Amino acid sequence: MSRTRLTWTVLIVLVWASMLSFGGVAAETVMLYPNIFGDAPESLHRAREFMVAGGPSDYFPPLGATVVLGSLTATVLTWRNRRLRWWIVGAAATFVACEFLFSVVFFWPRNEIMFVDPVGTHSPEYLRQVAEEFVAGHWVRLAGGAVTSALVFTALLRWARDTAPRTVDGAQTVR
């Protein structure tokens, strides 16, 4: 496979994965979060009962790994192209900061409190506070996903423009 074709493939997979990740976070925001955090601590108990066969922790880690690996691969493949390099590096940095690092530092401890610690460990007031913090912090993750998707899509469009066939006079050919 040529380097150009490999770059096309990696960029398309990266756009696809980042948009699926962003779409998943957006869907959580409007469909799951009102049910999970709407009436803490009762809603947290219902969420524990509901999400036994699967949940966000089954969906987002593999997808996030795909975005990170795709970003690294795309960075290596496009490093010599200054028009693309910083779009992809910016997307990777945004994703890692907002989706991974922010999750580790901010969300994981709150997930432990709300969904892993035994029921009754924390007071209802504390659980309400933690749920409110979680929902407020969620907007950082949503914004990070939107920015990541926009940056990698811009990189794909620039790559398409840079690799489009040209005629002698510079006009684009139609296939």
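Here are some exercises, with worked solutions, on how the helices pack in this predicted model.

**Exercise 1: a pair of helices**

Work out whether helix 3 and helix 4 are roughly parallel or roughly antiparallel, and which residues make their contact.

*Solution.*
Step 1. Let's start with the general idea: a packed pair of helices is described by an angle and a distance, both taken between the axes.
Step 2. Find the two helices: helix 3 covers residues 56–78 and helix 4 covers residues 82–116. Their axes come within 9 Å and cross at roughly 155°.
Step 3. Angles over 145 degrees count as roughly antiparallel. Helix 3 and helix 4 are therefore roughly antiparallel to each other.
Step 4. Check the hand: the crossing of helix 3 and helix 4 is left-handed.
Step 5. Now pick out the residues. Helix 3 brings Gly64, Val67, Val68, Ser71, Ala74, Thr75 and Thr78 to the contact, while helix 4 brings Leu84, Arg85, Ile88, Val89, Ala92, Phe95 and Val96.
Step 6. Sort them by class, and the contact of helix 3 with helix 4 has nine nonpolar, four polar and one charged residues.

**Exercise 2: another angle**

Find how helix 2 is placed relative to helix 4, and say which residues meet.

*Solution.*
Step 1. Helix 2 is residues 42–50, and it packs on helix 4 at an angle of about 85°, with the axes 9 Å apart.
Step 2. Anything from 65 to 115 degrees counts as roughly perpendicular, so helix 2 is roughly perpendicular to helix 4.
Step 3. On the helix 2 side you'll find Leu44, Ala47 and Arg48, and they meet Ile113, Met114, Phe115 and Val116 of helix 4.
Step 4. The class count for helix 2 with helix 4 is six nonpolar, no polar and one charged residues.

**Exercise 3: the buried side of helix 2**

Which residues of helix 2 are buried, and what do they pack against?

*Solution.*
Step 1. The buried ones are Ser43, Leu44 and Ala47.
Step 2. Remember the general rule: an α-helix has 3.6 residues a turn, so residues three or four places apart point the same way.
Step 3. Look down the axis: the buried residues cover an arc of only 100°, which puts them on the same side of helix 2.
Step 4. Their packing partners are helix 1, helix 4 and helix 5 (124–163).
Step 5. Just before this helix, have a look at the loop between helix 1 and helix 2, where Pro41 sits. The peptide bond from Ala40 to Pro41 is cis, with omega near 5°.

**Exercise 4: buried or partly exposed?**

Sort Ser21, Val15 and Trp87 into buried or partly exposed, and list what each one touches outside its own stretch of sequence.

*Solution.*
Step 1. You need one cut-off: under 20% relative accessible area is buried.
Step 2. Ser21, in helix 1 (residues 3–37), has 3% relative accessibility, so Ser21 counts as buried. Beyond four places in sequence, Ser21 is in contact with Phe60, Leu63 and Phe95.
Step 3. Val15 also belongs to helix 1. With a relative accessible area of 8%, Val15 is buried. Its contacts, again leaving out neighbours within four places, are Val152, Phe153 and Leu156.
Step 4. Trp87 is part of helix 4. At 27% relative accessible area, Trp87 is partly exposed. Apart from residues up to four places away, Trp87 touches Leu151, Thr154, Ala155 and Arg158.
Step 5. Finish with sequence against space. Val15 and Arg158 are 143 residues apart in sequence and 13 Å apart in space, C-alpha to C-alpha. For Trp87 and Ile36, the values are 51 residues and 35 Å.

Definitions and conventions:
Residues are numbered from 1 along each chain as its sequence is written. This is a predicted model: local features need pLDDT of at least 70, side-chain atom pairs count only at pLDDT 80 or more; totals for chains, interfaces and linings use all residues. Side-chain values use heavy atoms; hydrogens and water are left out. Axes are lines fitted to C-alpha atoms, for helices over the stretch in contact, and angles run from 0 to 180 degrees between N-to-C directions. Helices (H or I, at least four residues) and strands (E, at least two) are DSSP runs, numbered from the N terminus. Angles under 35 degrees count as roughly parallel, over 145 as roughly antiparallel, 65 to 115 as roughly perpendicular and the rest as oblique. A crossing is left-handed if the near helix is turned anticlockwise from the far one by less than a right angle, and right-handed if clockwise. Contact means heavy atoms within 4.5 Å. Ala, Val, Leu, Ile, Met, Phe, Trp, Tyr, Cys and Pro count as nonpolar, Asp, Glu, Lys and Arg as charged, and the others, Gly among them, as polar. Buried means under 20% relative accessible area, exposed over 50%, partly exposed in between (1.4 Å probe, protein chains only). The arc is that of the directions from the helix axis to the C-beta atoms.
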